[in-house]
Amino acid sequence: MHPKARIMSFTIGAVLLGLMLQTAAPGPAVAGGPVGPPTVKADQMTRRQFREQMKMLPDTAVIEFKGRRTTAGEIRAKMRLPANVAEVRTKAVAAQLQANASQAQARFAAARAKFLQQQQAKLQADNAKAMAEFTRLRQGGAARAPQLDAIEQEAGQLFQRSKTASPAERAQIEQRAGQLLQQLQQVGR
Amino acid sequence: MAQHNRVSRILTFVALLVLVLAPLTAEAGGIGGAFADLCKKIDCTCIGPNVKQVMLFSDFTPNGYVAIKGCGFGSYGTGSKLRLVGDAPAPYKLDVTLEIKEWQGGLIGAHIPVNVTGVTDQPAKFYVVTKNNVQSNQSQQVQFRAAQDIKLLPMADVKSWCSTEADEDWCNGTKADSTPFCFATFGISTDGSASAQHYTCHDWIGDDNGTDEFQATLTKGWVFHDADWTKVTCGSDQCGDYTGSTVSTPVGFQKDTTWTKVTVDWNTNNYHGYAGYNIYMYIIGPAGVPHK
């Protein structure tokens, strides 16, 4: 690179770095002096803006909020719970989560059992009605001896044949009908 | 002569009467006497297995009983069947052979097997198949109700919109946001259908509260049935309701719907405040059928 260009790029880089430090917080919130650490006026920030600032500020940066002054480093230190407190907290949360999960599981198991039980109870009641109705039908004559069904089937066939039967065939049909009538009487009809 | 004429007239009348009536009787079966008597006692018009009536006195559901009336079923034998066939598209179409309890001529009693799963609720029709493998007409349409199951909606099927107002925010086991230097101390819980954990490392500036949202959609006959929830809230050194962190009761859950949106308000606006919760959504639908 040409020496002049190198000097130019170094200068631009330095200016940009300076600008970045200056704009670490919105313009009016940072009042860094030429020698001291930057100062952030947090009163004028949203929580999200402050969180973004915390990513960039050096530990020495001074933060002012509602008349209180602290440093970014102190806030970061407070962001970590003391080890013993953190351990107790973590265990307490884990224990509570576990207990909650167990209780929820138990409640679901009970609800599911109740639901399935209700489903079965309804089905049993319906089935009892179905069986009663079935018995009533059987007694009412809807069910018949198997021979009756065979007779009925053959009678249907005879009926079909009779529509186009010759006199000779009609005589045969008549004869067969007589036999079926006798069978009917045997099955109690 | 007059006598002869009268007899002749009577004979002619009788002959004409026979000629007129013969076609009529032929149309009605063509034969009188025994055949007419037979048809008075039984239904001579029953051709083949013919389902006439399905007795509607119970749900058509697995483990339920049904009765079919008709004629021409024949005697029971190998090959005698009662089928119930639904009209849902595959693979959730019902096509089941019932367990025959009684088969008596014109009346069949049968049981829908208890292990019929993987089918949705659907209109269905019965068919009788005789021992000679002759299938009947289709019955009237009935509504088949699948066996119902109830289960927990998996977290993977719930979409979350996680509020990121705390220093570290997790929803459904996924980190939505975090702050450098914030060393959160809690475990991530992925129990239930939806969960969230919010942690505030410092309470210097602003409020740490937000609203998380969860949505889920069900298909294939599944609907939301019930919801349950649990929470854990903590301050810096202890957990409980008195620590300042809060989780409000989830709102928006609606039962008997196929879509739900649940929102939860939370607050961790205190030093090392923690708010975590789990939501359990229970869904109900046809057993063995996926819910999405």
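In this predicted model, helix H6 of chain A packs against helix H2 of chain B, which spans residues 34-41, and the axes of the two helices come within 7 Å of each other and cross at roughly 40 degrees. Two packed helices are described by the angle between their axes and the distance between the axes. Because angles under 35 degrees would count as roughly parallel and those from 65 to 115 degrees as roughly perpendicular, H6(A) and H2(B) are oblique to each other. The crossing in which H6(A) passes H2(B) is left-handed. On the chain A side, the contact is made by A:Ile173, A:Glu174, A:Ala177, A:Gly178, A:Leu180, A:Leu181 and A:Leu184 of H6(A), while H2(B) contributes B:Ala34, B:Phe35, B:Asp37, B:Leu38 and B:Lys41. Sorted by residue class, the contact of H6(A) with H2(B) comprises eight nonpolar residues, one polar residue and three charged residues.

This helix pair can be set beside the contact of the two chains as a whole, in which 72 residues of chain A are in contact with 69 residues of chain B. Five elements of chain A give two or more residues each to the side that touches chain B, namely helix H2 (47-56), helix H3 (72-79), helix H4 (83-139), helix H5 (146-162) and helix H6 (167-186). Of these, H4(A) gives the most, with 29 residues. The side of chain A that touches chain B divides into 40 nonpolar, 12 polar and 20 charged residues.

Chain A itself contains six helices and three strands, and these elements follow the pattern α-β-α-β-β-α-α-α-α when read along the sequence. Of the 189 residues in chain A, 23% count as buried. Among the contacts in chain A with a separation of 6 or more, 23% are accounted for by residues 24 or more positions apart.

In chain B, B:Gly106 is placed in the loop between strand S5 (99-104) and strand S6 (107-111). Burial requires 20 or more other C-beta atoms within 10 Å, and B:Gly106, with 23 C-beta neighbours inside 10 Å, therefore counts as buried. B:Gly106 and B:Ile284 lie 178 residues apart along the chain, and their C-alpha atoms are separated by 39 Å.

Terms used:
Residues are numbered from 1 along each chain as its sequence is written. Chains are lettered from A and ligands numbered from 1 in the order in which they are written. This is a predicted model: local features need pLDDT of at least 70, side-chain atom pairs count only at pLDDT 80 or more; totals for chains, interfaces and linings use all residues. Two residues are in contact if their C-beta atoms, placed from the backbone, lie within 7 Å. Helices (H or I, at least four residues) and strands (E, at least two) are DSSP runs, numbered from the N terminus. Ala, Val, Leu, Ile, Met, Phe, Trp, Tyr, Cys and Pro count as nonpolar, Asp, Glu, Lys and Arg as charged, and the others, Gly among them, as polar. A residue is buried if 20 or more other C-beta atoms lie within 10 Å of its own, exposed if 12 or fewer, and partly exposed in between; C-beta atoms are placed from the backbone. Axes are lines fitted to C-alpha atoms, for helices over the stretch in contact, and angles run from 0 to 180 degrees between N-to-C directions. Angles under 35 degrees count as roughly parallel, over 145 as roughly antiparallel, 65 to 115 as roughly perpendicular and the rest as oblique. A crossing is left-handed if the near helix is turned anticlockwise from the far one by less than a right angle, and right-handed if clockwise.
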